[in-house]
Amino acid sequence: MLEPPFATRPDPYPEGFLQVARERREILCLTAHLDLPTVQRALPGRYIRTGMAEAHMMGLAGALARAGHLPYVHTYGTFATRRPYDQIAHAIAYPGLPVRVIGFMPGLSTPEGPARQATDDLALMRALPNMTVIDVGEATEAAQVARAIVDLPGPVYVRLPRADLPVLFGEPRPLSLATARILTEGEDAAVLACGTMVRTALLTAAALRTAGVRTTVVEVLTLKPLDSATVRRVAARCRTVVTAENHSVIGGLGSATAEALAEAGSGTPLHRFGVQDTFAESSRHTGHLTAKYGLSARHLTHTVWRALGRLDPPPTVEP
């Protein structure tokens with residue numbers, strides 16, 4: 001793992017998708033209202049653009065999967081989940097078909113308002129039987145995720161950013177979807193983070209370390225099925241647990257963690273960090289949204305600090 005500040009890598013997903021698609025002829029690329037031009041140029045015969053007809057695209061993907069194809073469906077997170085939810089439920093999830101739904105621009109990573117801000121997609125997809133739910137926010141993992149999900153049984157939902165992604169790990173390792181990944185060790189607080197909040201959690205841990213607070217940071221790639229064993233083990237050895245997600249605190253990682261800890265009878269306090277029960281606004285800059293809705297590393301540091309019962313000023317987070 002690298003130390004902050006972190007480098008970035010622009011849009012690593014298409015390259016990884018192309019690598020596995022060239023090896024597996026049954027893979028098809030479907031898009032709606034979002035194009036992958038490098039894929040279209042490389043695989044024109046297996047690239048299907050449905051236009052702004054996401055419900056139709058999901059029904060088509062289900063039909064193609066029944067015919068023996070392996071559809072990867074791509075569009076913005078809200079258009080991949082909220083808009084065609086009924087079609088996903090009945091044409092894909094109910095029959096347990098191997099359709100891979102890729103939702104870009106998660107949470108407040110887009111400034112374009114509630115129509116495109118997927119702050120409820122994890123909750124929606126977690127509720128569907130047979131659905132695997134994955135949240136990716138790191139460059140080397142985004143490059144590997146198309147291959148990592150290719151042989152998973154049943155349908156899969158992956159959310160990931162489309163713009164520059166941080167490079168958090170120096171040496172890429174094979175992507176493990178079955179287990180949560182412990183990135184730092186500490187006995188004071190545990191921060192369980194997914195997607196774009198993993199970088200934020202590492203920045204928070206670095207700031208807290210300067211104040212003598214030892215933090216365990218856990219990257220939760222797969223929210224369903226959740227690696228409950230790791231969640232419970234980490235909670236048992238820390239004074240408090242904070243979940244961090246670029247998503248509503250309702251129904252996503254915070255809820256999944258609360259369920260796992262409650263079912264285990266854990267007494268470790270839990271604090272859910274994310275978008276509160278609200279729609280966000282449109283803005284010219286995502287930085288404004290991150291600050292206004294409290295998703296920055298500074299806000300997360302304050303949350304962990306207060307969760308530990310500290311009343312003195314928290315450490316400063318480098319921008």
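This note goes through the nonpolar cores, one helix pair, one buried threonine and one helix of a predicted model.

1. The largest nonpolar core has 40 residues, and within this set V99, M131 and L192 are the members that touch the most others. Two or more residues of this core come from each of β2 (27-31), α3 (54-66), α5 (85-93), α6 (121-126), β10 (189-193), α9 (228-236) and α10 (253-263). Of these elements, α3 gives the most, with 5 residues.

2. For M131, once neighbours within four places in sequence are left aside, the contacts are with I88, A93, M125, P155, V156, Y157 and K224. Apart from the core to which M131 belongs, there is a second, separate core of 35 residues, which includes F17, L36, M105 and V150.

3. How do α3 and α5 lie with respect to each other? The two helices pack at an angle of about 5 degrees, and their axes are 9 Å apart. Since angles under 35 degrees count as roughly parallel, α3 and α5 are therefore described as roughly parallel to each other.

4. The contact between these helices is made on the α3 side by A55, M58, G59 and G62, and on the α5 side by Q87, I88, A91 and I92. Sorted by class, the residues in the contact of α3 with α5 are 5 nonpolar and 3 polar, with no charged residues. I88 of α5, which takes part in this helix contact, is also one of the residues in contact with M131.

5. T184 lies in strand β9, which covers residues 181-184. Is T184 buried or exposed? Its relative accessible area is 13%, and because buried means under 20%, T184 is counted as buried.

6. The side chain of T184 reaches two backbone atoms, namely the backbone oxygen of T215 at 2.8 Å and the backbone nitrogen of V217 at 3.0 Å. Not counting residues up to four places away in sequence, T184 touches M1, L202, A205, T215, T216 and V217, so that both backbone partners, T215 and V217, appear again in the list of residues touched by T184.

7. In helix α1, which covers residues 13-23, the buried residues are Y13, P14, G16, F17, L18, V20 and A21. What covers these buried residues of α1 includes the helices α2 (37-42) and α7 (139-148), together with the strands β2, β4 (70-76), β5 (100-104) and β7 (156-160). F17, one of the buried residues of α1, is included in the second core, whereas β2, which is among the elements covering α1, gives two or more residues to the largest core.

Note on methods:
Residues are numbered from 1 along each chain as its sequence is written. This is a predicted model: local features need pLDDT of at least 70, side-chain atom pairs count only at pLDDT 80 or more; totals for chains, interfaces and linings use all residues. Side-chain values use heavy atoms; hydrogens and water are left out. A nonpolar core is a set of buried Ala, Val, Leu, Ile, Met, Phe, Trp, Tyr and Cys residues joined through side-chain atoms within 4.5 Å. Buried means under 20% relative accessible area, exposed over 50%, partly exposed in between (1.4 Å probe, protein chains only). Helices (H or I, at least four residues) and strands (E, at least two) are DSSP runs, numbered from the N terminus. Contact means heavy atoms within 4.5 Å. Axes are lines fitted to C-alpha atoms, for helices over the stretch in contact, and angles run from 0 to 180 degrees between N-to-C directions. Angles under 35 degrees count as roughly parallel, over 145 as roughly antiparallel, 65 to 115 as roughly perpendicular and the rest as oblique. Ala, Val, Leu, Ile, Met, Phe, Trp, Tyr, Cys and Pro count as nonpolar, Asp, Glu, Lys and Arg as charged, and the others, Gly among them, as polar. A polar contact is a pair of N or O atoms within 3.5 Å; within protein, one must be able to donate a hydrogen and the other to accept it, and residues adjacent in sequence count only if both atoms are side-chain atoms.
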